[in-house]
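Colleague: I would like to learn how to read a model of this kind feature by feature, with the general idea before each case. Could we begin with the backbone and work inwards?

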Amino acid sequence: MEFTLDEMREHLAALEARIGEACKIAGRSRDSVKLVWVSKFHPAEAVENAIALGATDFGENRVQEAELKFSEPRTAKDGSRVRCHVIGPVQSNKLKKAALVADCIHSIASIEAVEKLEKVCAAAANGQGKVLDILFQVNAGEEETKSGLDVHEAEAFLNDLEARAGAAVDGKSENFPHLRFRGLMTIGKNTGVPEDSRECFAFLRNLQQKFLAKGGAFAKFDQLSMGMTLDLEVAIEEGSTMIRVGTALFGERDYSKPVNDPA
């Protein structure tokens, strides 16, 4: 059942208390962690309520649903533009739509996807181009049900990407000028025990820091999208800069009424 606006406000306060305490324990500023409201399977009205409570960033798994909710610009309570994050795996035939609706895609895991996104973004806005933030998903928990780069191949993938990017200065590369490589994403282990995800979160942080230090095409590689409702404290302690929370903010999703997302 969807939360009412007052219920959302109450749950947001409880969540913010958790985030604040986790940041305090980690010796971090609350401003160093962005809350991405995962609005998948929730109606546009729920998004409007979230915006009224100060939400600025929303995560959608399905491209069609992201288009329905975020193709038209929305303004946040603070006057900024609401940002759409595509956080689920994107099929090759949906990359164009994803690139056009999203401000950030968290789930890139192939060179082919990077190359296609560059072409789409170069041609966007009637040829004026669009700059898109992308993160690379790593299956750090090594679970068969999870998408992303193999944990043992992720570093080699990023090295290959660096070589393909060509000359680069301050995060802008010669061969992918319309893409900003912003960091890494992972999903914690599905064991029900938050502590079980610490090792994979730490692995991701170390990999992200290694490439951020390279500069060049990775000069803006400062984001870690990891941590959800159950394991956000561990994620924050291990350096997450974006946590993805849905049900705890919006209420239970009605999966019997999915948004149509044709192939």
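Modeller: Let us start where helix 5 ends, for it is followed by Ala125, whose phi is positive, near 55 degrees. Please keep in mind throughout that this is a predicted model. The general background is that most residues other than glycine have a negative phi.

Colleague: Which other residue has a positive phi although it is not a glycine, and where is it found?

Modeller: One of them is Phe41, with a phi of about 65 degrees, and it is found in the loop between strand 1 (34-38) and helix 2 (44-52). Because its relative accessible area is 16%, under the 20% limit, Phe41 counts as buried. Glu142 also has a positive phi, of about 50 degrees, without being a glycine, and its place is in the loop between strand 5 and strand 6 (149-150).

Colleague: Is Glu142 buried or exposed?

Modeller: Glu142 counts as exposed, because its relative accessibility is 52% and the limit for that class is over 50%.

Colleague: Returning to helix 5, why do its end C-alpha atoms agree with the expected span?

Modeller: Helix 5 has 13 residues (111-123), which at 1.5 Å a residue should span 18 Å, and its end C-alpha atoms are 19 Å apart, so the two values agree. The count to multiply is one less than the number of residues.

Colleague: Which residues of helix 5 are buried, and what covers them?

Modeller: The general idea is that an α-helix has 3.6 residues a turn, so residues three or four places apart point the same way. In helix 5 the buried residues are Ile111, Ala113, Val114, Leu117, Glu118, Val120 and Cys121. Their cover includes helix 4 (95-101), strand 4 (104-108), strand 5 (132-139), helix 6 (154-165) and strand 9 (179-185).

Colleague: How is strand 4 placed among its neighbours?

Modeller: Five of the five residues of strand 4 are buried, so the strand is largely enclosed by the rest of the structure. Strand 4 runs parallel to strand 3 (residues 83-86), to which two bridges join it, and it also runs parallel to strand 5, with three bridges between them. Ile105 is useful for following both pairings, being the bridge partner of Val86 and standing opposite Ile134 in strand 5. From strand 4 the chain crosses through helix 5 to strand 5, and this β-α-β crossover is right-handed.

Colleague: Which residues touch the most other members of the largest nonpolar core?

Modeller: That core has 42 residues, and within it Ile134, Phe136, Leu158 and Phe181 touch the most other members. Two or more residues come from each of helix 4, strand 4, helix 5, strand 5, helix 6, strand 9, helix 7 (198-212) and helix 8 (232-237). Helix 5 gives the most, with six residues. A second, separate core of 29 residues includes Met8, Leu53, Phe58 and Ala66.

Colleague: What does Ile134 touch, beyond residues up to four places away in sequence?

Modeller: Ile134 touches Ile105, Ile108, Val114, Leu117, Leu179, Arg180, Phe181, Arg182 and Gly183.

Colleague: How should I read a loop residue, and where is Phe221?

Modeller: I would take its place, its burial and its contacts together. Phe221 is in the loop between helix 7 and strand 10 (223-225), yet with a relative accessible area of 0% it is buried. Its C-alpha atom is separated by 4.1 Å from that of Arg182, 39 residues apart along the chain. Leaving aside neighbours within four places in sequence, Phe221 is in contact with residues including Phe136, Leu158, Phe181 and Phe211. Gly166 makes a useful second case, in the loop between helix 6 and strand 7 (168-169), where it counts as partly exposed at 29% relative accessibility. With the same sequence neighbours left aside, Gly166 is in contact with Glu174 and Asn175.

Colleague: How many disulfides are there?

Modeller: A disulfide is a covalent bond between the sulfur atoms of two cysteines. Taking sulfur atoms within 2.5 Å as the limit, the count comes to zero disulfides. Cys23 is in no disulfide, as the nearest cysteine sulfur, that of Cys200, is 19 Å away. Both are buried, Cys23 at 1% relative accessibility and Cys200 at 4%.

Notes. Residues are numbered from 1 along each chain as its sequence is written. This is a predicted model: local features need pLDDT of at least 70, side-chain atom pairs count only at pLDDT 80 or more; totals for chains, interfaces and linings use all residues. Side-chain values use heavy atoms; hydrogens and water are left out. Helices (H or I, at least four residues) and strands (E, at least two) are DSSP runs, numbered from the N terminus. Buried means under 20% relative accessible area, exposed over 50%, partly exposed in between (1.4 Å probe, protein chains only). Contact means heavy atoms within 4.5 Å. A nonpolar core is a set of buried Ala, Val, Leu, Ile, Met, Phe, Trp, Tyr and Cys residues joined through side-chain atoms within 4.5 Å. Two strands pair if DSSP finds at least two bridges between them. A crossover is right-handed if, with the strands pointing away from the viewer, the path from the first strand over the helix to the second runs clockwise.
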